[in-house]
Amino acid sequence: MALASPPPQTLVVFGASGDLARRKLLPALYDLGYEGLLPERYAIVGSGGSRLDDADFRERARTGVEQFARHRLDDARWRAFARELSYVVAPLDDPGAFGALRERLAGLDADLGAGGRRLFYCATPPSAFPTIVRRIGEAGLGEQARIVVEKPIGQDLASARELDRIAREVFDEPQVFRIDHYLGKEAVQNILVFRFANAMVERAWSRDVVDHVQITVAESVGIEQRGRYYEEAGALRDMVQNHLLQILAFVAMDPPDSLAPEDVRDRKAEVLEAVRPLSPHEVVRGQYTAGVVEGREAPGYRDEQRVGPESTVETFVAARAWIDNARWQDVPFFLRTGKRLPHRTTEVSIALREPERRLFERVGIARLPPHHLAVRVQPDEGISLVFRAKEPGPGMALDAVPMDFSYGNSFRTRSAEAYERLLYDAMAGDQTLFLREDAVERSWEIVAPVLDAPGSVQPYAAGTWGPSAADDLIAPRAWRAG
């Protein structure tokens, strides 16, 4: 089914000279234009404190598109895209600076027939969000607008509630789009289709068939010049509170009444309400030391720039979570994420319960090979089912046999980047894949006990799968991805 173009509107990117805009947002917008998925009439306005003019902004955008866009840079398409790019200098510490932005947007509204429709994107540090919202309100720009907010949304429950209070000074809840780019990935979205469009899968998706669930988000990179941010966040705030809990909600939710945004978000919120707050005794925190990752020497976390020499910030977390509802009662969910792990992977593994063993013990099979269902989110998006089959020949010998689905091989196309889908949805006003206020606050409640009593941080060498205590946490089971 062909997607309809969003209505005419102006996109305003705050922090437009920064890394997020160059690497992700502007390439994603170019790719949407390449696919014919931008509004028929639109404008993209970069804004920030950098003293750029329109030509400077277009040149920065071009370098970003050349390096990071999914489609090659086509001269004709680039010229059409570049014509819609402009820049307004509006330092947040200058209360009058948004006057120039208001004038620019008024002129564009008239040219586009946008009727005041605007999408504000905060590609800025989270600390800038309150000021941006208030400047938008002071300039009278928020009435027909939507605003996109990057994580982390607060540092804890109290600060998240304060940010929501500030947002409501200018915007109603349906105007606020809290982004988690993991939810824009095709494989995460396909969890819903895989479950609810396949009756056999959905009927097995519960405590009756599932022994446990593993969710792994592993990164081979370190903190990448973000020492100041990571010292304040750590892996719990940076990954567990948002990405991992959101993936858990997609995996564990009950069938929605429809695929309408609020029906899906209601079911996700119900799951998070049923998740017990994490116990510090069921959480392992680690911090990488020097080691070798993918054949290259890597420094320890404390040797990274802008990191304290005695830092106890975690770069690795493994946790055991429980969902107290009828579908998942007594089924453990194991969450794991870390920096400087052996390779990059994001995977959901559904480990299946064991059958009656006596049937096979009578023919001399003492141990059955493992079987599971795995959803690969990145880098090789797909789904695999490992089941048991008899080996050819006389006697009774079993082996694990994979059935594998790969997006690239099956659809012969490269999946759209997450930011493409999320930007399109924000322009179209579809909040299905965005976070609701109650879900964000509940996620902070879930991690609060560990934030309040974090416990010790255990070292692990870069290039390994974290502290040995993570293996103890999941025992007698074992981590699958890795």
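Start by selecting strand 8 (residues 283-289) and strand 11: four bridges join them, and the two run antiparallel. Keep in mind as you click around that this is a predicted model.

**Strand 11 and its neighbours**

Zoom in on the pairing and you'll find Val-284 standing opposite Ala-318 in strand 11. Now add strand 12 (residues 333-338), which is joined to strand 11 by six bridges, again running antiparallel. Here Phe-316 stands opposite Gly-338 of strand 12.

Next, show the side chains of strand 11. In a regular strand the side chains alternate between the two faces of the sheet. Which residues are buried on each side of strand 11? Phe-316, Ala-318 and Arg-320 are on one side, Val-317, Ala-319 and Ala-321 are on the other, and all are buried. With six of its six residues (316-321) buried, strand 11 is largely enclosed by the rest of the structure.

**An aromatic cluster**

Stay on Phe-316 and bring up Tyr-229, Tyr-230, Tyr-288, Tyr-301 and Tyr-460: together with Phe-316 they form one aromatic cluster. The model has a count of 16 aromatic pairs. For one of them, hop over to Phe-14 and Phe-98, whose ring centres are 5.7 Å apart with planes at 10°, so the pair is stacked. Phe-14 belongs to strand 1 and Phe-98 to helix 4, so this pair ties together parts that are 84 residues apart in sequence. Phe-14 is buried at 3% relative accessible area, and Phe-98 is buried at 2%.

Now go back to the cluster and pick out Tyr-288 and Tyr-460, an edge-to-face aromatic pair with 6.5 Å centre to centre and 70° between the planes. Tyr-288 sits in strand 8 and Tyr-460 in strand 17 (residues 458-461), so here the parts tied together are 172 residues apart in sequence. Both tyrosines, Tyr-288 and Tyr-460, are buried.

**The parallel sheet**

Select strands 1 to 6 next. In what order do the six strands of this open sheet run? The order is 3-2-1-4-5-6, with parallel pairing. At the edges are strand 3 (85-89) and strand 6 (176-178), each pairing on one side only. Ignoring direction, neighbouring strands in this sheet are turned by 20° against each other on average.

For a look inside the sheet, take strand 4 and strand 5, which pair in the parallel sense over five bridges. Cys-122 is the residue opposite Val-149 in strand 5. Then add helix 1 (residues 19-34), which packs on the sheet and touches strand 1, strand 2 (42-48), strand 3 and strand 4. The direction of helix 1 makes about 165° with that of strand 1.

Helix 5 (residues 129-138) is your next stop, with Phe-129, Pro-130, Ile-132, Val-133, Arg-135 and Ile-136 buried. What covers these buried residues? The cover includes strand 1 (9-14), helix 4 (98-112), strand 4 (118-122), strand 5 (145-149) and helix 6 (157-168). Just past helix 5, check Gly-140, which takes a positive phi of about 70°.

**Helix 10 and Ile-247**

Move on to helix 10 (residues 261-274): 14 residues reaching 20 Å from first C-alpha to last, close to the 20 Å expected at 1.5 Å a residue. Its buried residues are Val-264, Arg-265, Arg-267, Lys-268, Ala-269, Val-271, Leu-272 and Ala-274. They pack against helix 7 (186-196), helix 9 (227-252) and helix 14 (437-452).

Follow helix 9 to Ile-247, which counts as buried at 0% relative accessibility. Leaving out residues up to four places away in sequence, Ile-247 touches Tyr-182, Ile-215, Val-217, Thr-346 and Val-348. Ile-247 and Ile-215 are 32 residues apart along the chain, and their C-alpha atoms are separated by 7.9 Å.

**Charges over rings, and a buried aspartate**

From Tyr-182, select Lys-185, which lies over the face of that ring at 5.3 Å from the centre. Another such arrangement is at Arg-77, whose charged end sits over the ring of Tyr-34, 3.9 Å from its centre.

Finish in helix 13 (residues 418-428) at Asp-425. Is Asp-425 buried or exposed? Asp-425 is buried, with a relative accessible area of 3%. Show its contacts beyond four places in sequence and you'll see Phe-177, Asp-430, Leu-433 and Phe-434.

Methods:
Residues are numbered from 1 along each chain as its sequence is written. This is a predicted model: local features need pLDDT of at least 70, side-chain atom pairs count only at pLDDT 80 or more; totals for chains, interfaces and linings use all residues. Side-chain values use heavy atoms; hydrogens and water are left out. The expected span of a helix is 1.5 Å times one less than its number of residues. Buried means under 20% relative accessible area, exposed over 50%, partly exposed in between (1.4 Å probe, protein chains only). Contact means heavy atoms within 4.5 Å. Two strands pair if DSSP finds at least two bridges between them. Rings of Phe, Tyr and Trp (its six-membered ring) pair if their centres lie within 6.5 Å; planes under 30 degrees apart count as stacked, over 60 as edge-to-face and the rest as tilted. A charge sits over a ring if NZ of Lys or CZ of Arg is within 6 Å of the ring centre and within 35 degrees of the ring normal. Axes are lines fitted to C-alpha atoms, for helices over the stretch in contact, and angles run from 0 to 180 degrees between N-to-C directions.
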